[in-house]
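Trainee: I am new to this structure and would be grateful for guidance. May we go through it by question and answer?

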Amino acid sequence: MSDIAAGSAAAPPLRLVAYDDCAELAKGLRTATAEAVGPWGFNNLPGGMRTMLNGAVPEAAQDTAAAKGADDQAFSGTNNHEAGVDEPDVVKTDGKRIVTLARGRLVVVDAASRKVTGTLAMDGASNDGKMAVGADQLLLAGDRALVLGFDYSDPRDGGPLLTLVDLAGAPKVLSTYRIDGALVDARQVGNVARVVIRSAPRMAFPQYEQSTDEEARLAANRAAVAAAPVEDWLPRWSSVDAAGKRTDGHVDCGAVQLPATYSGTSLLTVATFDLGAAGLGSGEPVSVAADGGIVYANGPSLYVANDQRWRVVGPMVKRGGPAPDPKTQLFKFSIAGPGRPKYVAAGEVPGWLLNQYSMSEWDGRLRVATTANDASTVYVLEQSAGTLAVTGQVGGLGKGEKIYSVRFIGTTGYVVTFKQTDPLYTLDLSNPAAPRTLGELKITGYSAYLHPAGDGRLIGIGQEASRQGRPQGLQVSLFDVHDLTQPARLAQFQLPGSGSAAEFDPHAFLFWPTTGALVVPVWGDQPSALVLSVHGDQLTKAGTIQHPGRYSAMQRSLVIGGTLWTLSDQGLQANDLTTLAQQAWVPIV
């Protein structure tokens with residue numbers, strides 16, 4: 001047995017333990033799970049059904065620097081949080097081709113000829129053509145695509161399905177990988193992809209009539225937990241290569257870390273895949289007994305945040321016990337090398353995170369923004385051995401309000417809180433021991449996503465609101481943050497009665513600094529892509545782009561050379577980036 005201590009100045013030390021012995025691991029998992037189980041099972045609801053963990057892909061957002069393809073024309077990539085760390089999305093481009101997913105098929109479009117050059121039905125990825133498979137997102141590395149989906153063929157034991165596709169020529173499946181649980185998120189650096197999975201124990205509880213005594217049900221459920229083998233907790237995986245050879249396995253006992261406080265009802269697993277290899281292999285999985293799931297990575301480090309909401313909505317609280325204060329556990333992995341990630345540190349801070357933008361590593365330190373008890377705080381944590389310890393904090397942000405958006409840029413932080421008005425706070429984080437608030441701007445409405453626009457400018461996407469805090473419609477704001485002590489709004493654009501996916505999914509946001517084009521999908525009477533122009537202090541409407549079909553839902557936009565491409569659930573459309581004149585329509589369904 002090996003011990004790794006971790007903690008923070010804001011909470012008691014967080015201690016993690018790794019067991020090489022499966023018997024000792026099973027003992028710890030059974031004890032924690034017995035405390036978390038309720039009269040009706042893990043979810044404590046009538047019916048005794050086991051917890052079904054739905055995969056939720058958190059927000060992600062875009063490298064503003066243009067990349068260049070083989071023909072040296074600039075193109076936009078996915079709107080990622082950190083430059084050089086790619087995030088899965090429904091569409092990818094390398095400047096020569098556009099690869100997207102549509103109704104269970106992978107579709108390849110040649111950007112020059114503006115024609116579909118290849119398709120692949122993902123529901124046949126199992127090699128037997130009988131699997132019910134959902135294909136939701138993908139990553140791209142040269143002539144390889146990693147498609148992230150879910151195998152629905154077994155309603156009880158279905159789980160994430162990863163498919164490695166060769167794009168050199170007609171698309172073909174090279175390898176598949178299945179694992180128990182649900183997809184949380186993934187990150188890619190170079191050819192290496194890290195995939196985070198959340199899984200529940202595979203154990204059945206006795207079925208009861210709802211009138212059965214709760215104490216008897218609870219005792220029987222705890223007996224079922226006590227009798228469960230350790231394998232019931234360990235996620236199983238299976239890998240199939242191009243020749244159809246299948247390899248099966250599960251997470252090793254020695255690859256599981258246990259915090260001092262956990263529910264035992266969930267494991268977070270990080271699997272690693274080299275997209276340039278012949279197949280996906282075992283994934284070299286490592287796990288932490290945690291049941292949250294917000295993922296942030298900056299290249300050398302990957303963090304998984306567990307907000308421990310099970311403690312607030314768990315059996316003890318549901319039976320009338322006091323709700324503990326909200327806390328978030330933070331687990332840090334080193335992903336600097338190509339192989340299995342190394343667990344290096346853990347810590348804990350009060351409050352809950354909004355999304356991945358609530359975290360940012362700078363100069364080896366992690367900045368975290370949380371909301372707890374109707375007030376928000378930014379913490380700075382530094383790694384020391386196995387500990388993520390708080391070295392400084394700045395609180396009192398938006399008293400009585402919640403965080404609606406966060407952005408860390410270098411040594412500066414921006415936090416938006418909202419209830420009736422929208423305070424935009426600017427933070428100086430240059431001194432990790434003494435971060436401080438520099439400025440505050442109060443306006444109506446709120447920004448749900450913040451994007452750096454260069455030259456002391458910041459773009460906000462959100463909703464205008466009444467003085468009572470009632471949303472009124474899409475609002476795009478251009479902020480001047482040259483002087484952090486006096487942030488100001490230079491311009492705004494409003495579209496009453498509408499909204500945009502970019503408010504909650506930054507992958508839907510495109511800003512092209514070369515021309516100042518800002519593009520977001522908009523829903524309302526007629527779905528469209530709204531194109532704004534950002535120049536100096538001005539924010540003006542350049543036009544809108546619509547696809548054939550009255551209800552074509554816009555999803556993404558990207559730039560290749562002088563062409564603006566927009567993606568809907570019906571197809572891809574090419575428009576001139578400057579004039580917005582239509583150049584081509586490519587149906588994909």
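Trainee: Is Asp428 buried or exposed, and what is its relative accessible area?

Mentor: A word on the basis comes first. This is a predicted model, in which local features need pLDDT of at least 70, side-chain atom pairs count only at pLDDT 80 or more, and totals for chains, interfaces and linings use all residues. Residues are numbered from 1 along each chain as its sequence is written, and side-chain values use heavy atoms, with hydrogens and water left out. Buried means under 20% relative accessible area, exposed over 50% and partly exposed in between, with a 1.4 Å probe and protein chains only; Asp428 is therefore buried, at 15%.

Trainee: With which side chain does the side chain of Asp428 make a polar contact?

Mentor: Asp428 belongs to strand β30 (residues 421-428); strands (E, at least two residues) and helices (H or I, at least four) are DSSP runs, numbered from the N terminus. A polar contact is a pair of N or O atoms within 3.5 Å; within protein, one must be able to donate a hydrogen and the other to accept it, and residues adjacent in sequence count only if both atoms are side-chain atoms. At 2.8 Å, the partner is the side chain of Ser430.

Trainee: In what geometry do the rings of Tyr177 and Phe273 pair?

Mentor: Rings of Phe, Tyr and Trp (its six-membered ring) pair if their centres lie within 6.5 Å; planes under 30 degrees apart count as stacked, over 60 as edge-to-face and the rest as tilted. By this rule there are 10 aromatic pairs. For Tyr177 and Phe273 the centres are 4.8 Å apart and the planes stand at 75 degrees, so the pair is edge-to-face.

Trainee: How many residues apart in sequence are the parts that this pair ties together?

Mentor: Both Tyr177 and Phe273 are buried, and with Trp237 they form one aromatic cluster. Tyr177 lies in strand β12 (residues 172-179) and Phe273 in strand β18 (residues 267-274), so the parts tied together are separated by 96 residues.

Trainee: Which strands stand at the edges of the open sheet that contains β12?

Mentor: Two strands pair if DSSP finds at least two bridges between them. Six strands form the open sheet, with antiparallel pairing, in the order β9-β10-β11-β12-β15-β16. Each edge strand has a single partner, so one side of it is left without a neighbour in the sheet; these strands are β9 (133-141) and β16 (246-250).

Trainee: Which residue in β15 stands opposite Ile179?

Mentor: Strand β15 (residues 236-240) runs antiparallel to β12, and four bridges join them. The residue opposite Ile179 is Trp237.
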